[in-house]
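Thank you all for making the time this morning. I would like to walk you slowly through one structure that may be new to many of you, so please have a look at it before I begin.

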Amino acid sequence: MASVNKVILVGHLGKDPEIRYLDGNVSVASFPLATSEFYNKDGKKVEQTEWHNIVLWRALADLAVKYLKKGKLVYIEGKLRTRTYEDKEGVRRFTTEIVAESFNLLGRRSDFEPQSGDRSTDRGEDQTDETKVDFRENDDDNDGLPF
């Protein structure tokens, strides 16, 4: 039987995406994403926040840097990936990341338009319409990996 590695998250960016370039000018962007859930404890509403490390490759990384900003609400689909690395002291560390395959910007249209000289306001359009912008990775050959 085939296995499934699928992650779906809706959360807020903890900071602007950071981009770096690997050999061959391959772009990779990363940022933390916060997801929150609420529950009642002793009659009080309690918020529990989880932080996720998001990684995007190539064209998707370039789009993330262009469109995503700290605090924005985003829907992300991807897969869970655990990798090892050595820190500055040479200690072997493990990290678990979400390798994004697509993302959608969530929120009102005004969240994604320029603040000054907003053309849609001049046209008298309603700024409260919900907008969803879909970005998907088109490179199926590499499975989101740089090699």
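I will talk about strand pairing first, and after that about a few backbone angles.

Please keep in mind throughout that what we are looking at is a predicted model.

Let me start with β3, which covers residues 26–41, and with strand β4, made up of residues 44–57, because these two strands pair with each other in the antiparallel sense, over 14 bridges. To find one such bridge on your screen, take F38, whose partner in β4 is E47. The two strands form a hairpin with 2 residues between them, and in this hairpin D42 takes a positive phi near 55°.

β4 also pairs with strand β6, which runs over residues 92–105, and here the sense is parallel, with 2 bridges. If you would like a residue to look for, I54 has I98 in β6 as its bridge partner.

Now let me turn to the backbone angles at two further residues, beginning with N25, which is not a glycine and nevertheless has a positive phi of about 60°. Where does N25 sit? N25 lies in the loop that leads from β2, residues 18–22, to β3. Is N25 buried or exposed? N25 counts as exposed, because its relative accessibility is 60% and the cut-off for that word is over 50%.

The other residue is R58, again not a glycine, with a positive phi of about 50°, and its place is in helix α1, which spans residues 58–67.

Definitions and conventions:
Residues are numbered from 1 along each chain as its sequence is written. This is a predicted model: local features need pLDDT of at least 70, side-chain atom pairs count only at pLDDT 80 or more; totals for chains, interfaces and linings use all residues. Side-chain values use heavy atoms; hydrogens and water are left out. Helices (H or I, at least four residues) and strands (E, at least two) are DSSP runs, numbered from the N terminus. Buried means under 20% relative accessible area, exposed over 50%, partly exposed in between (1.4 Å probe, protein chains only).
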